[in-house]
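Thanks for coming. I'll take this one chain at a time and then turn to the place where the two meet.

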Amino acid sequence: MLEVNVSLRRGEFELEAEFAASTPGVTALFGRSGSGKTTVINLIAGLLEPDRGRIAVDGTVLHDSDRGASIPPQRRRIGYVFQDALLFPHLDVESNLRYGQRRATPRGSRDELLEAAALLGLTDLLARRPHQLSGGERQRVSLGRALLSRPRLLLLDEPLSSLDAARRDELLPWFEALRDRQAIPIVYVSHEFEEVVRLASHVVLLEHGRVAAQGNVCDLALVPQLRAVLAPDLVGAVVDGRTESVDPSTRLARIRIGHSLVTASGTDLRVGQAVRMQLLARDLILATIRPTGLSVRNEIEGTIRAVIDDGPDAVLVEVDVGGPVLLARVTRPAAADLSLEPGRRVWVLVKALSLRGHVYARS
Amino acid sequence: MMITAAEWEALRLSLYVALRSVALGLPLAIAAAWTLSRSRFLGRALLDALVHLPLVLPPVVVGYLLLLLFGTRGPLGAWLDQAFGIRLAFTSAGAALATAVMAFPLMVRAIRLSLESIDPGLEDAARMLGAGPLDRFCTITLPLMAPGIVAGAITAFAAGLGEFGAVITFASNIPGETRTLPLALYTALQSPGGDALAARLAGLSFLLGLTGLVLAEWVSRALRRRVGR
């Protein structure tokens, strides 16, 4: 369990944050820049001290202002991957990796270091200096360096934000593998919702130094506080499912979502694999009768749960599809013509191809 | 060109005094640079001014102040003499002290410059990897400011070879004890027929100073390359 309850005032900025997340797992701190995300993890790290508050990880109290107890950062055993990697420029990659390892107890062996380097694809870079590395390589070294220090908790502060899109796509799988292989709780700071969808088990939404909402990603994707932060085109339901079959010739996967099967394209999935997918509200079409003669591969039957205002031209329709809830954006005239209202039976149409790039494997 | 025994003695003494002044001043300069760039406290501006004072004061004034403090009857001088038997006024150790004070701002400036170019985040990173304050200083900060330390030391050394006013005021002009190159040059100019000797000593000083500056630049560039900046 990660428990954070802190308040801090620095000039104009005021932070008042309380959240708890189960461990291990990835807790995402999500919000606009300036919402206090980095402040929160610096408080967890101990690089900042709260005016008042308590921080505990798995029963170990890191800070408790009521009892006047605080462990200094260097003894908190927290791994921190900074936004710009912060590798030591005068040390080569191997010495950077060894820096935390040498100071951990029990002290790790060189074999362990080589194993971690191999896992992170750093074996050929061990003799290089940080300035000879690409941005993605630097972040991998930084991640390896943090992991080798045997942390009880890993803090990742927008580790992808200084990278271009290609590097980001190259690095994200490393973080997914980390989540699936290691039993270390992770706090991941991000302002990219896609990263949150792919990695997080618990999301804490920060707004002006306060927790605006928190919960699992699927629940949070539906709350208005999140929509207020997201770009309209990124609004949509996030649902967890399981692959039931994969067509070997087309590589199209059939994924169980509630009581329906959804066909998705462009994914590299195994049968039986847990997946998470994001169905963007702008991509969904609603029909009040079961349609025929359409090329669309997915017609998911469900019941309207709510119709929500979404600007002057559109509404968002929540559709319960047997457990999971989908979110469709339709124009106001369409909603009126079809008399979309709570309780109404509808079919949600979504192209298998529009799910390409929005289906993520989870172990 | 042959170097005479007297010239050699002045040269040797200059090198010795300059070397001792750097050895004496460097640890303090590192501490001062650290304090000035990393901590915020009341009186920081005063300390900053104090460190830089030798740059703007006439060297004779510095020598005079040293004489007041460290002379045999000065408060610190008397204490050092009684407690440790150390005499500074009119000795080569005193010449080194005077030189160190004069070169101090040069060292502090060079070190501070390289210290301020270090990303403070690196120390946070080391801290999160389990390094305590002394550990961080020795393994991260010190190696990263090495270019500035070396550059500062060499510049101070080169400048120390030629320190005149503070040395002659505080340590006097004693052959074999405090008569360094510039003092020997001055003495030669004062004696009839010493022009040739003065010219040779001036040439020697010129050569030493130039070598020092070129060396400082070269070493600090090589070190900066080593730390990847």
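What follows is a walk through some features of a predicted model.

Start with chain A. Its domain assignment gives two parts, domain 1 covering 2-230 and domain 2 covering 236-362. Measured is the wrong word for anything here, since the model is predicted; the computed distance between the C-alpha centres of domain 1 and domain 2 of chain A is 33 Å. Six residues of domain 1 and 11 residues of domain 2 make up the contact between these parts of chain A. On the domain 1 side, helix H6 (193-199) and helix H7 (217-220) of chain A each bring at least two residues to that contact. Sorted by class, that domain 1 side has five nonpolar residues, no polar ones and one charged.

Now a piece of strand from chain A. Strand S7 covers residues 78-81, and A:Ile78 and A:Tyr80 point one way from it while A:Gly79 and A:Val81 point the other way. Are these four buried or exposed? Buried, on both faces of the strand. S7(A) runs parallel to strand S8 (residues 153-157) of chain A, and four bridges join the pair. Within that pairing, A:Ile78 is placed opposite A:Leu153 of S8(A).

Next, two sheets of chain A. One is an open, antiparallel sheet of five strands, ordered S14-S13-S12-S15-S21. Why do S14 (260-264) and S21 (359-362) of chain A have a side without a neighbour in the sheet? They stand at its edges, and each has a single partner strand, so one side of each is left free of a neighbour there. From one strand to the next, the twist averages 40 degrees. Inside this order, strand S12 (residues 236-246) and strand S13 (residues 253-257) of chain A run antiparallel and are joined by four bridges. There A:Arg242 stands opposite A:Arg256 in S13(A).

The other sheet is also open, with five strands in the order S16-S20-S17-S18-S19 of chain A and antiparallel pairing. Here the edge strands are S16 (285-287) and S19 (325-331) of chain A; each has a single partner strand, so one side of each has no neighbour in the sheet. The twist in this sheet averages 45 degrees from one strand to the next. Strand S17 (residues 298-310) pairs with strand S20 (residues 345-350) of chain A in the antiparallel sense, over six bridges. One position to look at is A:Thr303, which stands opposite A:Arg345 in S20(A).

On to chain B, and its helices. Helix H7 (residues 133-160) and helix H10 (residues 195-226) of chain B pack with their axes 8 Å apart, at an angle of about 175 degrees. H7(B) and H10(B) are therefore roughly antiparallel to each other. Residues of H7(B) in this contact include B:Ala146, B:Val150, B:Ile154 and B:Phe157, and those of H10(B) include B:Leu208, B:Gly212, B:Leu215 and B:Val219. Taken by class, the residues of the contact of H7(B) with H10(B) are 13 nonpolar, four polar and one charged.

H10 of chain B comes up again with helix H9 (residues 181-190) of chain B. The buried residues of H9(B) are B:Leu181, B:Pro182, B:Leu183, B:Ala184, B:Leu185 and B:Ala188. They pack against H10 of chain B, and also against helix H1 (5-38) and helix H8 (165-170) of chain B.

One single residue to pick out is B:Met102, which lies in helix H5 (residues 92-116) of chain B. Why does B:Met102 count as buried? Because B:Met102 has 26 C-beta neighbours inside 10 Å, and 20 are enough for that label. Leaving aside residues up to four places away in sequence, B:Met102 touches B:Pro54, B:Pro59, B:Val62, B:Glu163 and B:Ala166. As for B:Ala166, its C-alpha lies 7.6 Å from that of B:Met102, although the two are 64 residues apart in sequence.

Last, the contact between the chains. Chain A gives 21 residues and chain B gives 18. On the chain B side, helix H6 (120-128) and H7 of chain B each supply at least two residues. Which gives the most to that side? H6(B), with six residues. By class, the chain B side has nine nonpolar, four polar and five charged residues.

That is the end of the tour; I'll take comments now.

How values were computed
Residues are numbered from 1 along each chain as its sequence is written. Chains are lettered from A and ligands numbered from 1 in the order in which they are written. This is a predicted model: local features need pLDDT of at least 70, side-chain atom pairs count only at pLDDT 80 or more; totals for chains, interfaces and linings use all residues. Two strands pair if DSSP finds at least two bridges between them. Axes are lines fitted to C-alpha atoms, for helices over the stretch in contact, and angles run from 0 to 180 degrees between N-to-C directions. Angles under 35 degrees count as roughly parallel, over 145 as roughly antiparallel, 65 to 115 as roughly perpendicular and the rest as oblique. Two residues are in contact if their C-beta atoms, placed from the backbone, lie within 7 Å. Ala, Val, Leu, Ile, Met, Phe, Trp, Tyr, Cys and Pro count as nonpolar, Asp, Glu, Lys and Arg as charged, and the others, Gly among them, as polar. A residue is buried if 20 or more other C-beta atoms lie within 10 Å of its own, exposed if 12 or fewer, and partly exposed in between; C-beta atoms are placed from the backbone. Domain bounds come from an automatic or database domain assignment.
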